Amino acid sequence: MKLVTIATPEGAQLGVKTEEGILNITKALAVLPNQDVPQTTHQVIEGGSASLQALQAYVDQALTAADKASFIEQESDIAYGPSVPHPSKIICVGLNYRRHAEETNAKIPTSPILFNKFDNTLTGHQCDVPIPRTSSKVDYEVELCMVIGKNAKYVTKENALDYVFGYTVVNDISARDLQLRTSQWLLGKSCDGFSPLGPYLVTADEVGNPNDLNLKLTVNGEVRQNSNTSDMIFHCDEIVSYISDHMTLYPGDIILTGTPEGVVLGYPEDKQVYLKHGDIMTVEIEKLGVLTNRMVNEQ
């Protein structure tokens, strides 16, 4: 199943992608009430397989309704919010692709390098991302994002993926001059809008092996990153297990798993051209969809 966050003046609404368009669950429930149906993305995540079954049964019923046109919307007509609207934690893994570590002349990590971001960085598909007035070196990073589905503490590598609800596309935008100002990366990673997330949250059953997915990023149509998640140094199951050894992961927590080679920072200094006003980034991961955002000067 592909879940969608629909941004409206009344707040975020839950949608499900179907062959006929996006079925707006919030609008559908006003026409076809059902108390057993989850009404938000986080209710779906927290409810696990039971919530997914209830939601799928409701979608199947709603698609046969005579007045379904009142709650099925076309993707071109909706405004997107971040595919996971309210994660309690945003955990990121740095230098997790072998060729990316090599292009930045960094040592290959022997343990996952973890840092965090905050919810002010979250934004949705087709939303503008502000270039901070305090930075002149804003970079892009295509990344696979894991979404935790149930409490995870001291989980084994063998069982780790059972705790993953699904996956989504994220662009871990980074202000390199701020990131490298000190030994702590947080400042350059946590500017407003620096984690576009979406357009869909795709359940794990539709994805299969997360460490065999093609991923690509273009800027204004030019391919900048083109790789596969198999180049990860620490695979998804290792990451979940490692983090759970040190902190409890909760439903809705998101984990950004690192970026492959091709970032601006990896170019020779005389060839580094950082993002500027009007640049359009398109991020794509196999089975997960295409995420597009435009950079704009901060007002």
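The following exchange between a biologist and a modeller goes through two sheets, two helices, a pocket and one buried valine in a predicted model.

Biologist: What makes Val16 a buried residue?

Modeller: Val16 has 3% relative accessibility, and because the word buried is kept for values under 20%, Val16 counts as buried. The place of Val16 is in strand β2.

Biologist: Which residues is Val16 in contact with, once its neighbours within four places in sequence are left aside?

Modeller: With contact taken as heavy atoms within 4.5 Å, the partners of Val16 are Met1, Lys2, Leu3, Gly21, Ile22, Leu23, Ile25, Leu55 and Val59. As for Tyr242, which lies 226 residues from Val16 along the chain, the two C-alpha atoms are separated by 32 Å.

Biologist: What is the strand order in the open sheet of ten strands?

Modeller: The order is β4-β3-β2-β1-β14-β11-β10-β17-β5-β6, and the pairing is mixed. At the edges stand β4 (72-73) and β6 (113-117), each of which pairs on one side only.

Biologist: How do you know that β1 and β14 pair?

Modeller: Pairing asks for at least two bridges between two strands, and two bridges join β1 (residues 2-8) to β14 (residues 201-203), so this antiparallel couple meets the requirement. Leu3 stands opposite Leu201 in β14.

Biologist: Which helices pack on this sheet, and which strands do they touch?

Modeller: Helix α2 (residues 41-62) packs on the sheet and touches β1, β2 (11-18), β3 (21-24), β10 (142-148), β11 (164-171) and β14, with its direction at about 55 degrees to that of β2. Helix α6 (residues 236-244) also packs on the sheet, touching β5 (90-94), β6, β10, β11 and β17 (254-256), and its direction makes about 55 degrees with that of β10.

Biologist: What makes α6 a mostly covered helix?

Modeller: Seven of the nine residues of α6 are buried, namely Cys236, Asp237, Ile239, Val240, Ser241, Ile243 and Ser244. The cover over these buried residues includes β5, β6, β10, β11 and β17.

Biologist: How many residues of β11 are buried, and how is this strand joined to β10 and β14?

Modeller: In β11, eight of its eight residues are buried, and the strand is described as mostly covered. Seven bridges join β10 to β11 in an antiparallel arrangement, and Glu143 has Val170 in β11 as its bridge partner. On β14, the antiparallel pairing with β11 runs over two bridges, and Tyr167 stands opposite Val202 in β14.

Biologist: Why are β8 and β16 placed at the edges of the other sheet?

Modeller: That open sheet has five strands in the order β8-β19-β18-β15-β16, with mixed pairing. β8 (128-131) and β16 (222-228) each have a single partner strand, so one side of each is left without a neighbour in the sheet. The twist averages 20 degrees from one strand to the next. Strand β15 (residues 214-219) pairs with β16 in the antiparallel sense over six bridges, and Lys216 stands opposite Asn226 in β16.

Biologist: What lines the largest pocket, and how much space lies in it?

Modeller: About 270 Å³ of space lies in the largest pocket. Its lining is made of 21 residues, of which Leu95, His100, Thr104, Gln179 and Leu265 lie nearest the centre. The elements that give two or more residues to this lining are β5, α3 (98-103) and α4 (176-179). By class, the lining residues divide into seven nonpolar, eight polar and six charged.

Terms used: Residues numbered from 1 in each chain as written. Predicted model: local features only at pLDDT ≥ 70, side-chain atom pairs only at ≥ 80, totals over all residues. Heavy atoms only, no water. Helix = DSSP H or I, 4+ residues; strand = E, 2+ residues; numbered from the N terminus. Axes fitted to C-alpha atoms, helices over the stretch in contact; angles between N-to-C directions. 1 Å grid on protein atoms, 1.4 Å probe; cavity = no way out; pocket = protein on both sides within 12 Å on 5 of 7 lines; lining within 4 Å. Points joined across faces, edges and corners; volume = space filled by probe spheres on them. Nonpolar A, V, L, I, M, F, W, Y, C, P; charged D, E, K, R; others polar. Buried < 20%, exposed > 50% of the residue type's maximum accessible area, 1.4 Å probe, protein only.
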